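Student: I would like a close look at one part of this model, starting from the backbone and working outward to the packing. Please keep it to what can be checked on the coordinates.

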Amino acid sequence: MSDQPTNDADEVRPPGEHAARSDPSPEQHSSPLPPLGSPVRIEHQQIGEALLTDDGRITETPQAKTIAIQALAERMRSSTPELVLASMGLAVGNDMADRLGDGRYVLVPHNEQYPSMGADVLAVDELDPANPRHAPDRVLRMDDPQADTVVRMIAVSELMGSWAYGSNNNVRVLALQEATQEEFGLTEVLEWQMDAKTRFAVDLELDYNRDALRDFVRTQYEMTQEVLAERGISEVISYRALSWSPEAGQPSWAGLDVGETFEARQRPLASWSADRQIVADWLEQRGGSGVILADLKPARDILSLPLTGMGYLGQKEWVTLPGDSVVTLDGVFSEADRTENVEQTAASSISLGAPALDVSAEEVLEAPAPPAQEHGDRWRPLTITEQLDPADPLDSKIMQILDGAEEAPEWWPQDDSGYAITQRDLDFLGINPIQVKWMLTGEAPMGMTPELYKQFGTEMLTALERDGIEPSQVDVRLKGTGAGFWSGIHKTLPREEDLVSNPDAAERLREWFGDSQDRPLRRPYDAMRRLGLESEPSDFDLDINSTAIVREAREHWRANHSDRYPGDFMGGHGYLDKQTLLGTLPELAGWASKWEEKLGRPMSLGAFESSGPFDATVLGRELSSHFKDTDWIIHRPETPMAWQTPTSRIPEHLHPGHDTQLSGPASVSDPSVTDADRSLPTTTRQESAAERPAGADRGTATEREGSTGQPGEDGRSAGVQRRLDQLRAKLEGRAPLPPVGGREGSASTERAKPPAPRDAGQRGKDTSQQRDEQRRRQDRDRGPER
């Protein structure tokens, strides 16, 4: 066999650029493979087995995977935060990236021999001397350079796990297939039909992680080509099985005779084996109708080996690119040959779509559409009757700004194009102007009254406590239009040209603006429902940040969802699977259901680890949901029950008697917060450490001490009083406290940078031409957000 040429160093291009293989147009096969049992076939199997096992030195799958994971973690170009984001799931969360470099936290590996299998991120004061896993020589401080290496290995392991779970049966691996197609410029591939929900999820995965996924497959390819070149291997005989149920559509070549060659489109990535018997055994166990395909694969089409990345050593697999798609029909299996009572894995029963065969694969995916919901069927937003008072100086000023009698000041709600809301907008949207006032003063978000807001927050913390989550373990923030009136830069207000297929919505848009081109770039509160483009009103978008919650949810997942792909545990920028969240916290689920009914609006609950959503700005992205100084704080350990001390965005001289800070409501630096204002709810569970389930990680050792005792001030238990005193001490600058619950004292807050001030030229109203140009530019660059 001749030497296989490899790419020169100057041909290696970073992920994100078009990158093709060295020979993108391989020659067509000219003849069938040699017959079964021939010396050529036997020789190829021996060569393949030597390649897969490194001449017999590797005998176990964990050995091979450890070698591959270490090599990929070291060689991939992606930053550690990029890898963490791409591998979010049951074993990886944002704490793993956010706590790196912070000596107050440690990594506790799940398996000392194979640390890539995952690790817990714990605060130092959570370490239990009685737990052998917490021994000093078995944990790794997050400020140790080795921690970065271990985190990268865990992330790579999770990416490899998506392939091991199935080549087309989870969102991450479907995104990996498409990233491979992009990275290698593949055109003649077997496409995959997906329903709308799966298609959206795959697109979201690519929006977040396209570059890291392309880096993942490109690095494996480079390493594999180096190994093949060192061994002088130019081609290998490979085997693959395909099966289908009697009801499914069959490919056009299904009726060919054994030994015939034909062109069969393949997925961008596919597993092939060096051992035909392994493939035949799998096909017999799988059942249904199927075939064995054989191919003389050129080395240039081999993407990975068990020692360089994806591929299961136990089945003597390598993973390939499609090549020229010409294969040999090497065997046929019929339903009558099926072995009964064959055990299948959970993954083998999962289906996310179907191949786009010549027959109509859409028929396989077609399902009855849910009945369209009328706008008023369920959601009846709260009617607010209180009005602005013209005799009140602030109310009068707001009325003048809305009517255009005064220019909109800096603190007025404006989108990023500089468009400021007017009375015309509120009239169309059906919004009472007093809601805007309450939002600006921090008294209540959009869609609530100040009285309801206080009840809303108090009952939420009570529900969390009943679920076992203490106030010191959780940080709750309101995001979206409810907190700032305008949507983020990822959501653009439609224009007439966007509504050609929806004349009713276009007519409503004209009712709103007429012929005026002085329009916002972003979507204001409730705009999509008023235009008839969405059936739901604007929701209450809550970020609930708590490592304690995520730990409880992991246990719930393992007990109730062991059949699901572990990567589905967290999605997007690190938010918890919604059904898992509600199943873990039934009291919170009941609270959300009650308040949806009470306020007539959906509750969007996003649970994150205590470090919050992933900070995408470290990857150079403009759109990011990470902790910001401008966030609407509902509650956090530094600012408990923040609704009791609202911070206005309006200058003090315009609003006497209110604390002011232009950075946003509920600022941690508010100097006028009194001890009484900082009080926690009196409903805290009086539960001793001994009463908790063994091993329950619901806070730090500091929190667990003194959880019972005699009542303190205001009837609180001694445990609650002690936690309150700790929070007060921190706020008032007294003795520093240890990290609490993975959040208090977090370095993420200290490292947070305030957003850069908007350029003065952007303040006020831009021309419509400027907004149009900004809209076009940001539509190109925008990314996803929950």
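Tutor: Start with Met641, which sits in the loop between β18 (632–635) and β19 (647–648). The model is a predicted one, and in it Met641 takes a positive phi of about 50 degrees although the residue is not a glycine. Met641 counts as buried because its relative accessible area is 4%, and the cut-off for buried is under 20%.

Asp54 also has a positive phi without being a glycine, here about 55 degrees. Asp54 belongs to the loop that runs between α1 (39–53) and α2 (61–75). Its relative accessibility is 26%, so Asp54 is classed as partly exposed; that class lies between the 20% limit for buried and the 50% limit for exposed.

Asp54 leads back to the helix, since this residue with its positive phi follows α1. The helix is the part to look at closely. From first C-alpha to last, the 15 residues of α1 reach 21 Å, close to the 21 Å expected at 1.5 Å a residue.

Next, look around the axis of α1. The buried residues in this helix are Arg41, His44, Gly48, Leu51 and Leu52. They lie on the same side of α1 because the arc they cover around the axis is only 95 degrees. The spacing follows a general rule: an α-helix has 3.6 residues a turn, so residues three or four places apart point the same way. Pro39 and Gln46, on the other side of α1, are exposed.

What does the buried side of α1 pack against? Its buried residues pack against the helices α7 (196–231) and α8 (276–286), and also against β5 (235–244), β8, β10 (317–320) and β11.

Of these neighbours, follow β11, which spans residues 326–333. Seven of the eight residues in this strand are buried. Strand β6 (residues 261–263) pairs with β11 in the antiparallel sense, over three bridges. Strand β8 (residues 289–298) is antiparallel to β11 as well, and the two pair over five bridges. Thr328 in β11 ties these pairings together: Thr328 is the bridge partner of Thr261 and the bridge partner of Ala294.

For the wider setting, turn to the nonpolar cores. In soluble globular proteins, nonpolar side chains tend to be buried together. The largest nonpolar core of this model has 96 residues, and those touching the most other members are Leu107, Trp412, Phe456, Phe485, Trp591, Met603 and Ile634. Helix α13 (residues 450–466) gives the most to this core, namely seven residues. A second core, separate from that one, has 37 residues, among them Val171, Ala175, Ala212 and Leu269.

Leu107 can be used to inspect the largest core at one point. Apart from neighbours within four places in sequence, the contacts of Leu107 include Met96, Ala119, Val121, Val139, Leu140, Met142, Ala147, Val150 and Val151. Asp120 and Arg138 are in contact with Leu107 too.

A last buried position to check is Thr481, in helix α14 (residues 481–484). Thr481 counts as buried because its relative accessibility is 13%, which the under 20% limit admits. With neighbours within four places in sequence left aside, Thr481 is in contact with Met446, Trp486, Ser487, Arg523, Tyr525 and Ser538.

Terms used. Residues are numbered from 1 along each chain as its sequence is written. This is a predicted model: local features need pLDDT of at least 70, side-chain atom pairs count only at pLDDT 80 or more; totals for chains, interfaces and linings use all residues. Side-chain values use heavy atoms; hydrogens and water are left out. Helices (H or I, at least four residues) and strands (E, at least two) are DSSP runs, numbered from the N terminus. Buried means under 20% relative accessible area, exposed over 50%, partly exposed in between (1.4 Å probe, protein chains only). Two strands pair if DSSP finds at least two bridges between them. The expected span of a helix is 1.5 Å times one less than its number of residues. The arc is that of the directions from the helix axis to the C-beta atoms. Contact means heavy atoms within 4.5 Å. A nonpolar core is a set of buried Ala, Val, Leu, Ile, Met, Phe, Trp, Tyr and Cys residues joined through side-chain atoms within 4.5 Å.
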